[in-house]
Amino acid sequence: MSDDAIRLVTIGRMLHRRGRLLTVLVVLGALTGFGASLVFPPRYTTSASVLLPGAWEERVLLTQAEIATSTVVTDRTAEELGWAGVDGEELRERVRAEVTDGNIVKISGTAESPARAQRLSDELARQFVTFSARIVDETADPTAAAGPDQLRQMVLTTSRRITELADAADPGRTVESVQTRTELAKLRTALQEAVGELSQADSNAAGSRLVVMGPAARPTGEAPPSRVQLIAAGAVLFFLLAVVGHLTSARVNRRLRSEREIAAALGSGLLGGVDVSARRGAHRPEGGGARHRFRRLLGLDTPWNAPAPPAAGDEASLGIRYRRVCGRIRDLVPGARRLLLVVPDDDGIALRAAERLAEEAGGDPLLRLAEVSPEAPLVPDREEESGVLVVLGAGTRTAAELAGVAEACADAGHDVVGVVLADAVRTRPARSAGPPREAAAPAFALGDGARGGAR
C-alpha cells in the first residue's frame, strides 16, 4: 500500500511540474497520428455470408474458409472487378474468411470506399460459391456421377421383369409358382433399394450446393484504425513515452545529494547550507540564451522529482544562516580581500543564494560572482582572488559535472576553498517590526491623557 502511494505521489508530482512539457508532447503525438492518417487513407469493411447446407465436419468448414481466400478465388475476383492496379495478390491482403455458427462462412472485404467494399465482398462470395461447386464436380467419382441414370434404368428393367413373371406365373400351388413368387419378392426388394439409393444420391447432390445469403451491407463507418483512433493513439503513445522516460531518468539519476559526496567531488570542504525562498514570482536566472528560455518555458529548468520545499521561518531568519556562512568564510580564509563565487548558470536557486551571500558579506571579503556552464565550465583567470567558493543547489549536479568545475578552477589558477549548498524553502510572511509597535504607544498615551482632561 505504501509503495502504491509513493508511486501515485511521484506521478502526481511529475504531472504537476511537467504539465506544460506533457501537454506539448501530447499535442505533438496527436499531430503525428493525424499525419499517419493522411499517409494511410481510410478503409471500409463489410461482410457477405455463405451458407453450407447439410451436415459438415468442422475441419471441412475450415477448409472451405481457406478456399474462400485462396489464390484462385482472389485472382478471379480481381479479374471480374477490373480495378486498375489491383490484382489477386493485393486482394488477398484485403479479404478475410471465418466460420461462424450454423455452417456459415463469413467473407469480409476492405476497400477505399463503402461501395467498393460492398462490391468486393459480393464478388468474392460469388466466386467462392462457383469455385466450390466446380471442385465438387471435378472431384466426384465418375461411377457415382453415372449412378442416378443406371439406377433409373434398373428400376424400369425390374418393373418390366416383374410384370412378365407375374403374367407367366401359375396360379396353382406348384413348386414353380412358389419359386416365381420368391423371385418376384427379391426383385421388389432390389427395386426398393435402388429407389432409396437414387433418393440419397439426389440428396447429396443438392446438399453440396453453397448458398449466398443475400448481398453485403454497405458500411457506414471507417474500419479501424480510423483517423480519430490514430490521433488518439498518437497522443496516448507520446504521453506514455514521456511518463516512462521521466520515471526511467529518475531511476538512473546520478546527481549527488549527499553533502559529503558533493564536497569530495569538488575536493574541498563544506562551509554550510543556506535557504532560498521558493515563493511564487521569485527571481530566476535570465541568462543562457534561447536554450534556457525554452527550458524555462517548458518547466525544465528545475528537477521535477525534487521533494516539495520544507517550511522555514521568515526572510529575517534566513539571513542568520547567510551571516554564519560569511563568518566561517572569514575564519577559513583570514585576511582574504576577494573571493570568487562560482555558480552553474542553470541553477536558479544557487544563483539567488550567491547574490544574497555577497550582499550579507558586506565587502568583507568581496565576493565576485561568476556563472559557468556545467557542461563546459570556464572560470575567469585568477586576479586578486584568494580562492573560489562553489555555490550549488542540492541534488542538481552529477559527480562528473562537479569534477569538471573543479578542473576548470584549477586550470584558471584558483583553489576551491569551500562549498555552499542552497535549498529552496517556503517562508512565512514577515511580521511587523518594532517601530510600528513603538509608534502605537504614543497613541495609547494620548488617549489616556485625553480621557484625564475630560475628567
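A charge is taken to sit over a ring if NZ of Lys or CZ of Arg is within 6 Å of the ring centre and within 35 degrees of the ring normal. Going by that, the charged end of Arg116 sits over the ring of Trp83, 4.4 Å from its centre. This is a predicted model, where local features need pLDDT of at least 70 and side-chain atom pairs count only at pLDDT 80 or more, while totals for chains, interfaces and linings use all residues. Residues are numbered from 1 along each chain as its sequence is written, and side-chain values use heavy atoms, with hydrogens and water left out.

Now for the charged pairs. Side chains of opposite charge can pair when their charged atoms come close. Counting a salt bridge as a side-chain nitrogen of Lys or Arg within 4 Å of a carboxyl oxygen of Asp or Glu, the whole structure turns up 17 of them. Arg116 shows up again here, in a network of salt bridges with Glu90, Arg94 and Glu112. Within that network, Glu112 and Arg94 bring their closest N and O atoms to 2.7 Å. Glu112 belongs to the loop between β3 (104–111) and α6, and Arg94 to helix α5 (residues 88–94), so this pair links distant parts of the chain, 18 residues apart; helices (H or I, at least four residues) and strands (E, at least two) are DSSP runs, numbered from the N terminus. Arg94 is buried at 8% relative accessible area, whereas Glu112 is partly exposed at 31% (buried means under 20% relative accessible area, exposed over 50%, partly exposed in between, with a 1.4 Å probe and protein chains only).

Further along, Asp364 and Arg330 meet through their side chains in a salt bridge of 3.6 Å, N to O. Since Asp364 lies in the loop between α14 (348–361) and β7 (366–372) and Arg330 in helix α13 (residues 315–332), the pair ties together parts that are 34 residues apart in sequence. Asp364 is partly exposed, at 44%, and Arg330 is partly exposed too, at 30%. Helix α14 carries a salt bridge as well: Arg356 and Glu360 both lie in this helix, four residues apart, about one turn, and their closest N and O atoms are 3.7 Å apart. Glu360 is partly exposed, with 23% relative accessible area.

On the uncharged side, Ser132 sits in helix α6 (residues 114–139) and is buried, at just 4% relative accessible area. Leaving aside residues up to four places away in sequence, Ser132 touches Gln64 and Leu210, contact meaning heavy atoms within 4.5 Å. With Gln64 there is also a side-chain polar contact of 3.3 Å (a pair of N or O atoms within 3.5 Å; within protein, one must be able to donate a hydrogen and the other to accept it, and residues adjacent in sequence count only if both atoms are side-chain atoms).
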